[in-house]
Amino acid sequence: MLPALAGANVIYGLGMLELGITFDFAQLVIDNEIAEMIKHVVKGIDVNDYTMATNVIKEVGVGKEFVTNMHTFDNFRKVQSSTTLFDRRMREGWEEMGGKDLLERATEKAKYILENHKPDPLPAGTDVLIDDILAEAAEEEGVK
């Protein structure tokens, strides 16, 4: 989080364990989720009359609750990062849904992606472009 807030634009090492000696698909899925949360924070929060809800504060009043106010309902998902792996339910709800821990959910998601993801094909001619780049690089290095 701190490097991202300081302006770093590369998040390195997703999925890596043991200083990069080992790669784990479940860890990659977990790290990807964390990276999405970091991007959400770095994006920042709009500060204006609407987002500060000054009119709602005046309407509801100091010391009263804002949770049931329509403004809260309309906006709380916009400022809180969403996650599919980190379970934010109370323990009872988590147990009712099977009680799977983070690693179990990440492993299932990684397996699903590996079994079902169909990447978009590269544009026509990309293979020729790559071959040309490799040939040019080899020529510059004197490799045949």
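In this structure, the side chains of K100 and E108 meet in a salt bridge, with 2.7 Å from N to O, where a salt bridge is a side-chain nitrogen of Lys or Arg within 4 Å of a carboxyl oxygen of Asp or Glu. The model is a predicted one, in which local features need pLDDT of at least 70 and side-chain atom pairs count only at pLDDT 80 or more, while totals for chains, interfaces and linings use all residues. Residues are numbered from 1 along each chain as its sequence is written, and side-chain values use heavy atoms, with hydrogens and water left out.

Both partners of this first pair are partly exposed, K100 at 33% relative accessibility and E108 at 42%; on this scale buried means under 20% relative accessible area, exposed means over 50%, and partly exposed lies in between, with a 1.4 Å probe and protein chains only.

A search of the whole structure finds five salt bridges, and one of them joins the side chains of K109 and E33 at 3.9 Å, N to O. Because K109 lies in helix α7 (residues 102-116) and E33 in helix α2 (residues 25-43), this pair ties together parts that are 76 residues apart in sequence; helices here are DSSP runs of H or I with at least four residues, numbered from the N terminus. K109 is partly exposed, with a relative accessible area of 29%, whereas E33 is buried, at 7%.

Helix α2 also holds a salt bridge between the side chains of E36 and K39, with 3.5 Å from N to O. These two residues are three apart in the helix and so are separated by about one helical turn, and E36 is partly exposed at 39%.

Further along the chain, T126 is found in helix α8 (residues 126-141) and counts as buried at 18% relative accessibility. A polar atom of the T126 side chain lies 2.6 Å from the backbone oxygen of P123.

Turning to empty space, about 330 Å³ lies in the largest pocket, a pocket being an open set of points on a 1 Å grid over the protein atoms alone, where a 1.4 Å probe fits, with protein on both sides within 12 Å along at least five of seven lines. Of the 14 residues that line the largest pocket, having an atom within 4 Å of a point, the closest to its centre are I45, D46, T51, K78 and V79. The elements that give two or more residues to this lining are α2, α3 (49-52) and α5 (70-79), and α5 gives the most, with five residues.

Conventions. Polar contact = N/O pair within 3.5 Å; in protein donor to acceptor, adjacent residues only side chain to side chain. Points joined across faces, edges and corners; volume = space filled by probe spheres on them.
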